[in-house]
Amino acid sequence: MKWLLFFCLFFVNIKAQEPIYFNLDKENGLPDKTVYDIVEDANNFIWLATESGIYRYDGNNFLFFTHPKQVGLSVFNLTIDNENTVWYNNLSNQLFRIKEASTIDLFLDLNEYFKGENTKIVVYGKYIIVIGTNEILVVDKKDATKINVLEISAKKTDLKPVVIDDFLYILNTKNEWFKYSLKNFTKTQISQPFYKHIIKRHISASLAKKDSTILFLETSLLKSTAFKFEKKLIKSLEIVGRFTKKRIVNSCIIDNLLWVCAQDGLYIYELSDRKIVLRRHLFKDKLITKVIKDNLDNYWVASHDKGLFIIPNIAFNTIKSNDFMSDIKHHYNTNQDFYIQDIDNRLFKFSTQTKTLTKINHKAKRDVKYVFENPFSSEINVTTIKKNNILNSSDLSFNKSKEIRSVYKEVNFINQNVFLKSSNRNSVFFKLETNGEFFGKPIFKIPGRSYANAYCKALKKAYFANINGLYVVDSVYQKQEILINGQRIFAKDIVINSDNEIWVLCFKNKILKIKNDEVVEELNLKNGLLNEINSHIYFYDDHLWILGNSGIQVYNQSTKRFVNITKQDGLPSYDFKGINIKDDIVFITSSKEIIYFTIGAYKKQIKLHNPYITKVVGNGTNIKLAKNVEFPSEIEKVDVFFNTNGLFSKETINYKFKLNDGKWENLNKGANVVSFNRISSGSYNLKIVGFYDGLVSAPIDFNFIIQTPFYKNWIFILAILIFTTALIWYFLSKKNKRIQLQQEIKLHKQNQELENINLKLENLRSQMNPHFIFNALNSIQDYILRNETTLARHFLVKFSRLIRMYLEHTQRDSLVLNEEIEALTLYLDLEKDRFSKDFNYSINLCKNTNPSQINLPPFLIQPYVENAIKHGLMHKKGAKNLTLNFNIRDKNIFICEIIDDGIGFQKSRAINQKQSSHKSFSTGANNKRIELLNKTRSSEITLQIVNLEKEGTTSGTKIVLKIPQ
């Protein structure tokens, strides 16, 4: 049996733990595969000194720097001073500096001092210190002409001098320690020779500084040694573990550990008072030139000819699949260990205790679909797609097999006789046969494709994730569907915690906690879920582990808080195949490797650098950055590019922005530009912030102005306004003058017309007065001829009064109604005297009419009264009646009605026509007068003549005069 197992099994022993790292070389963007030096500046840019020159890395792009006077390409000795200036030199001993991470200048050409030596440089305070074999130059950084030359015979090693408390420490060729004061440039020997070797056997040495202690490491053909120099005392240090026998390139202290960069890899030692103990030896076949730890706790390892190795998390260990298998396809958990299957159908068992892999010869020629273990018999079961066989074995011989009718998805044992099975056909309770070798008949089944199942022993309930929903089956096989808000739950994974609560991973962006067969909690993207697509969940020690396409989340169900593990924390990819946790060690399987780390050490300290603007582009043209950037008015598109320095910043950091006082808007993940199209003129303030894992960066505060078009500029508008105003004023002035001239002409014409009208009116009045007087004298003559002297005397008295009244009225332009009524009464009395007693008249005044407030033109009513008597009543036989009605309508229209019961207007006209010699002067004159008066009034006087009829015959005439007040 032992001989058989030797052929059936193949053990892969993991001799050393390798941290997870990313190799950045020319194939994936690194400009040069040979990196001599590496530093990080205060702005979190990574600077690389390479064989082809100096580069700056912002986490996404490399920027090349060069100077027109630079001799050669290779540069060395990167150093950052307290003003964030980058210093470096080359083999021609040209000393360069880069200020503000952008401008480069040649500070000094020191070839005349060192003649092609490979010098070292150190920056301390206000000095830049250049160390050669025979001389040390201490140069003032502000004034390159101030150079202090110190003569010394330095040891020809890779030693980079150390400065502590204003003293420069040097080891000379006689192994004597000296220190130089950087205040007065005096030299002091501080030790006798402490280490004697023949120089020609020396390979290399290095100095490392820890606080005020200097560590000296040296390797030679004889042996490797380590010393500690502290407070003028030199102590020999015991080296525990392997030490390089090849050249030491560099050494430094990181995390209180000694990191030694050597020709055969990177050595990490733990320091104590008397010894250094090897903890890890990494990159064993690489020439390592420098190692640093950046602000985000990533370790950058520079190499000769192999590029950069970046270790995001030193606590993350890996076993890469390409070391022993093809890409990993499946992960299958068992009670203690787990199995993995590669794409070539090979099956391996991983021991969580020994961290070893065992290749299993499962004898299946077709693809393995599922592996599970019977915890009661320790029997391993392998299902395949060849006739859906299941292979059983407790000794890994797999001599037993049975054909099955479905593809297994998950199996969980309830006891040694009953187990749960989820397959592509159904969800089933299966009972083992009495001999335990083969499967018996199903006890209970739920039809339809099943994805997962779980069994809660305390509740004696089984849970199935079925294509038709989520179901719970009790101990008597009563099935019940679990719903959320009346809706079905479609799940793909189920786990049970120590409190017998069920956690269900759904297909769509949520995870549910179920208690008493009801949903009591939901995790989704809105309340902290990181991944849009999750593949696995696992419960361990009150924490729910969630694996998805954006990283791993650890959910504390007590505090209800998430911890995110992403590429910034050391994950190499998110292509997860499974998870297993044993004894506080987490094992994650991806397509390329097995990752494992200790719980508590997986999360780095969360840090977030502040974003900054890299460039601004307007209409496709780069715009020079300034405090306030101005764009021309015709700009159509503005692009603001930004970046956050740091490894994987583009993949892990989310951004949002707002313009002026608008709302914050989220950018798509990976976006590094905010674009504006056809933005209107005005002043704008753009704010951009990054946020990651609960942290929010300080905002980018970018002000820019879109210039106002010239035709909208206030100066232009003011000029146009002034011009327009002047133009309008000119035209209005010209028009006003024209109108004024026209008005003057018109006024002059009107005055002339008015004067003519007045003359005509005056003339009419002068004509009307004699007419009336003539008629009155005729009446007096009639009285005298008839020898009616008394009547003639009375008539003459009244006539004289009326003449005097008319003479007064001729001197006035208007009369009040009282005066008109008085004159009419006197006139009608005279006419009554002329006629017989058959003539009667009446004057009626409406109650609402105030005669003292009504104005009338003189001699307007009297002619119509006269015509009524002469032409209407004179030809009538019998009683003759005349009525005058005065009233006010609409408050400002005076109406005068003259009504007679004479022969009528038509008969009167006919009589007048027979008397061809008669000419009615007063009627025509009065009509003409009304016409002339209307020309001088705003409201016209109207005249209306109405024939009165009674029983079809004419019964008189009514004259209506309407005189607006």
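**Close-up 1. Pro611 is a buried loop residue, with a relative accessible area of 8%.** This is a predicted model, and the first view sits in the loop between strand S60 (593-598) and strand S61 (612-618), where Pro611 lies. What does Pro611 touch once residues up to four places away in sequence are set aside? The list runs to Asn643, Thr644, Tyr655, Ile688, Gly690, Ser697, Ala698 and Ile700. Take Ile688 from that list: its C-alpha atom is 7.8 Å from that of Pro611, although 77 residues of chain separate the two.

**Close-up 2. Helices H6 and H7 pack against each other at an angle of about 25 degrees.** H6 covers residues 817-834 and H7 covers residues 862-873, and their axes are 11 Å apart. With that angle, H6 counts as roughly parallel to H7, because anything under 35 degrees goes in that bin. As for handedness, H6 and H7 make a right-handed crossing. On the H6 side, look for Glu820, Leu824, Tyr827, Leu828 and Glu831; on the H7 side, they meet Gln862, Val865, Glu866 and Ile869. Sorted by class, that contact comes out as five nonpolar, one polar and three charged residues.

**Close-up 3. The largest nonpolar core has 42 residues.** Which of its members touch the most other members? Those are Ile861, Val865, Ile869, Leu882, Phe886, Phe894 and Ile898. Quite a cast of elements gives two or more residues here: helix H4 (714-785), helix H5 (789-809), H6, H7, strand S74 (880-889), strand S75 (893-900), helix H9 (921-935) and strand S77 (953-964). H6 supplies the largest share, eight residues. Elsewhere there is a second, separate core of 24 residues, with Leu608, Ile635, Val674 and Phe702 among them. As a rule of thumb, nonpolar side chains in soluble globular proteins tend to be buried together.

**Close-up 4. Phe886 and the residues around it.** Leaving out residues up to four places away in sequence, Phe886 touches Leu817, Ile821 and Leu824, then Ile843, Asn844, Leu845, Cys846 and Thr849, and finally Ile861, Phe894, Ile895 and Cys896. Two of these names, Ile861 and Phe894, also turn up with Phe886 among the core residues that touch the most other members.

**Close-up 5. Thr957 is a buried residue of strand S77.** Its relative accessible area is 8%. With residues up to four places away in sequence left out, Thr957 touches Ile898, Ile899 and Asp900, plus Gly904 and Phe905, and also Ile945, Val946, Asn947 and Leu948. Ile898 is another name to recognise from the core residues that touch the most other members.

**Close-up 6. Phe185 and Asn256 each have a positive phi.** Most residues other than glycine have a negative phi. Phe185 has its phi near 60 degrees, and its place is the loop between strand S18 (177-181) and strand S19 (187-189). Asn256 also has a phi near 60 degrees, in the loop between strand S25 (248-254) and strand S26 (257-262). Is Asn256 buried or exposed? Asn256 is exposed, with a relative accessible area of 52%.

**Overview. The protein chain has nine helices and 77 strands.** Of its 965 residues, 49% count as buried. Among contacts with a separation of 6 or more, 50% are between residues 24 or more positions apart.

Conventions. Residues are numbered from 1 along each chain as its sequence is written. This is a predicted model: local features need pLDDT of at least 70, side-chain atom pairs count only at pLDDT 80 or more; totals for chains, interfaces and linings use all residues. Side-chain values use heavy atoms; hydrogens and water are left out. Axes are lines fitted to C-alpha atoms, for helices over the stretch in contact, and angles run from 0 to 180 degrees between N-to-C directions. Helices (H or I, at least four residues) and strands (E, at least two) are DSSP runs, numbered from the N terminus. Angles under 35 degrees count as roughly parallel, over 145 as roughly antiparallel, 65 to 115 as roughly perpendicular and the rest as oblique. A crossing is left-handed if the near helix is turned anticlockwise from the far one by less than a right angle, and right-handed if clockwise. Contact means heavy atoms within 4.5 Å. Ala, Val, Leu, Ile, Met, Phe, Trp, Tyr, Cys and Pro count as nonpolar, Asp, Glu, Lys and Arg as charged, and the others, Gly among them, as polar. Buried means under 20% relative accessible area, exposed over 50%, partly exposed in between (1.4 Å probe, protein chains only). A nonpolar core is a set of buried Ala, Val, Leu, Ile, Met, Phe, Trp, Tyr and Cys residues joined through side-chain atoms within 4.5 Å.
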